[in-house]
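Please look over the chain shown below. This report walks through its main features, step by step.

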Amino acid sequence: MKRKVLSILLVGAMTASMLVGCGSKSDAQTEAPADDTAADAEAEPEAEEPADTAEEAPAADENITLKWAIWDQDTTPYWNALKDEYEKKNPNVTIEMVDLGSQDYMTVLATELSGSGTDFDLVTIKDVPGYATLVQKNTLEPLNSYIESAGIDLSQYGGATDQVTVDGELYELPFRNDFWVVFYNKDLFDAAGVDYPTNDMTFEEYDALARKVASDEFGSQVYGSHYHTWRSAVQLFGVLDGKHSILDGNYDYFKPYYEMVLAQEDDGICRDYVTLSTEGLHYSAAFSNGDTAMLNMGSWFISTLMSNIASGEYDASFCGNWGMVKYPHAEGVEAGSTLGTITGISVTSASDQKDAAWDFVNFVSGAEGALVMAKTGNFPAIMTDEALNVITSLEGFPTDEASKEALNVSNLYLEVPYAENVSEINSILDTYHTAIMNREVTIDEGIASMNEEVGKILN
């Protein structure tokens, strides 16, 4: 199977730098996914002419400095690795990185780009809501003409680029991706005499497996599954059929997944949402404590798991024998369909060195950049065999074939595809997810409120 659109943060030394997720305050991969964040910024100037009218390409011996907006340079190894490798191949080019910090990065970036005197040539895109803000304010250069000239096959991104295309134009290319898998504790399955999860499970099979491995025996409780408090851990099961997204405005398709999870709560198969919210139990603690058989979570958890087991922070006797498989899927949906978030790179509309900036974008988001990312322990947005072999050979990565196969993604559906009003939609879905999981409203009532409130925005 062709490997596409993968990205996992796997090096232990990078754990502190890679902790990013929903509503994150830093680039911390053990926090929530980026779909729950929103960017806000001042108005931006109009864009310059599109790429096909850009300046002539610079001469090969002309010295060029490109200014690139990033975050957390000192604790994120791939920034310097990408810069160094590109400069080695292009000795006349200097990449000047400007660290804007991970705290409110996209908002700070939008403010930086708001002035007519901005001198950024390249910017990193951290999340889709922030991307939407920058596109709407005309601060990013359309890349279609560059992509066509370079003959880039966008299918290698597994459909991710389609979901951030705006009125036919693409303003970023992904270079890193995080996606969801199921982590499992092999020892708990062995103790229960239950077969391990597989890379091709329907939701019915997944639910049955969680119930089979769970135990309510006093003093040795085992939870068959675990769902963190983010809405993405429940709602977004529904988008894996490729027919729905959070932009639909009608969310009736959420219902069977809420029913499955709440029924598991009622039967003691998983921890209940109210307790998790009250006690603030982190998903990493739930898994590392050794009483959770399966955890659906993003690939960013892999680096934390590997490094903390190696350092002794996690007791290896509790969680050291772990593996992972592909996300469960609805009946009739291709195995390997999963949720993801991307990190992209763009050329600014204000740059007077667009051709040179594009060349760096092409390097970072292409096969060469993918190998650099892999060597720093990260999964790139496109996966070559060489990059995959580098990552799966890292010490601490599970050696079983199923865990390696779990990295083959057939369809990647962004947690948040592009929309002008995506931040408002996120907020509404978050609100009623919380109400449903707290049992403040019924599933039907909560979904009806989502439909009504989002419908007001869309209409």
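At roughly what angle do the axes of helix H7 and helix H17 cross? The answer is roughly 145°. This comes from a predicted model. Helix H7 spans residues 255-266, and helix H17 spans residues 443-458. Their axes come within 10 Å of each other. The crossing of H7 and H17 is right-handed.

Which residues make the contact? Helix H7 supplies Lys255, Tyr258, Glu259 and Leu262. Helix H17 supplies Ile443, Asp444, Ile447 and Met450. Sorted by type, the residues of this contact are 5 nonpolar and 3 charged, with no polar ones. Two numbers capture such a pair: packed helices are described by the angle between their axes and the distance between the axes.

Stay with helix H7 for a moment. Glu265 also lies in this helix. Is Glu265 buried or exposed? Glu265 is buried, because its relative accessible area is 12%, and the cut-off for buried is under 20%. Leaving aside neighbours within four places in sequence, Glu265 is in contact with Cys270, Arg271, Asp272, Tyr273, Met437 and Arg439.

**The whole chain**

Now step back. The protein chain has 17 helices and 10 strands. It holds 459 residues, and buried residues make up 59% of them. Take the contacts with a separation of 6 or more: 76% of them join residues 24 or more positions apart.

How confident is the predictor? The chain averages a pLDDT of 87. A score of at least 70 is reached by 86% of the residues. One stretch needs care when you read the model. Over residues 1-57, pLDDT stays under 50. The model has 234 contacts beyond four places in sequence for residues 1-57.

**The nonpolar core**

How many residues are in the largest nonpolar core? It has 140 residues. Those with the most contacts inside this core are Trp68, Tyr131, Phe183, Phe301 and Phe360. Strand E6, residues 173-185, gives the largest share of the core, with 8 residues.

Trp68 deserves a look of its own. Residues up to four places away in sequence are not counted here. Among the residues that Trp68 touches are Trp79, Leu82, Ile95, Phe120, Leu122 and Ile345. Phe360 is on the list of contacts too. So are Glu96 and Thr124.

**Two aspartates with positive phi**

Most residues other than glycine have a negative phi. Asp72 and Asp104 go against that pattern. Asp72 has a positive phi of about 50°, and Asp104 has a positive phi of about 55°. Neither Asp72 nor Asp104 is a glycine. The table sets out their places and values.

| Residue | Phi | Loop between | Relative accessible area |
|---|---|---|---|
| Asp72 | about 50° | strand E1 (64-70) and helix H1 (77-89) | 18%, buried |
| Asp104 | about 55° | strand E2 (93-99) and helix H2 (105-112) | 48%, partly exposed |

Why does Asp72 count as buried? Its relative accessible area is 18%, and buried means under 20%. Asp104, at 48%, counts as partly exposed, because that class runs between 20% and 50%.

**A last pair**

Ala192 is found in helix H5, residues 186-192. Ala192 counts as partly exposed, because its relative accessibility is 39%. Ala192 and Ala214 are 22 residues apart along the chain. How far apart are their C-alpha atoms? The C-alpha atoms of Ala192 and Ala214 are separated by 8.3 Å.

Definitions and conventions
Residues are numbered from 1 along each chain as its sequence is written. This is a predicted model: local features need pLDDT of at least 70, side-chain atom pairs count only at pLDDT 80 or more; totals for chains, interfaces and linings use all residues. Side-chain values use heavy atoms; hydrogens and water are left out. Axes are lines fitted to C-alpha atoms, for helices over the stretch in contact, and angles run from 0 to 180 degrees between N-to-C directions. Helices (H or I, at least four residues) and strands (E, at least two) are DSSP runs, numbered from the N terminus. A crossing is left-handed if the near helix is turned anticlockwise from the far one by less than a right angle, and right-handed if clockwise. Contact means heavy atoms within 4.5 Å. Ala, Val, Leu, Ile, Met, Phe, Trp, Tyr, Cys and Pro count as nonpolar, Asp, Glu, Lys and Arg as charged, and the others, Gly among them, as polar. A nonpolar core is a set of buried Ala, Val, Leu, Ile, Met, Phe, Trp, Tyr and Cys residues joined through side-chain atoms within 4.5 Å. Buried means under 20% relative accessible area, exposed over 50%, partly exposed in between (1.4 Å probe, protein chains only). pLDDT is the predictor's confidence in each residue, from 0 to 100.
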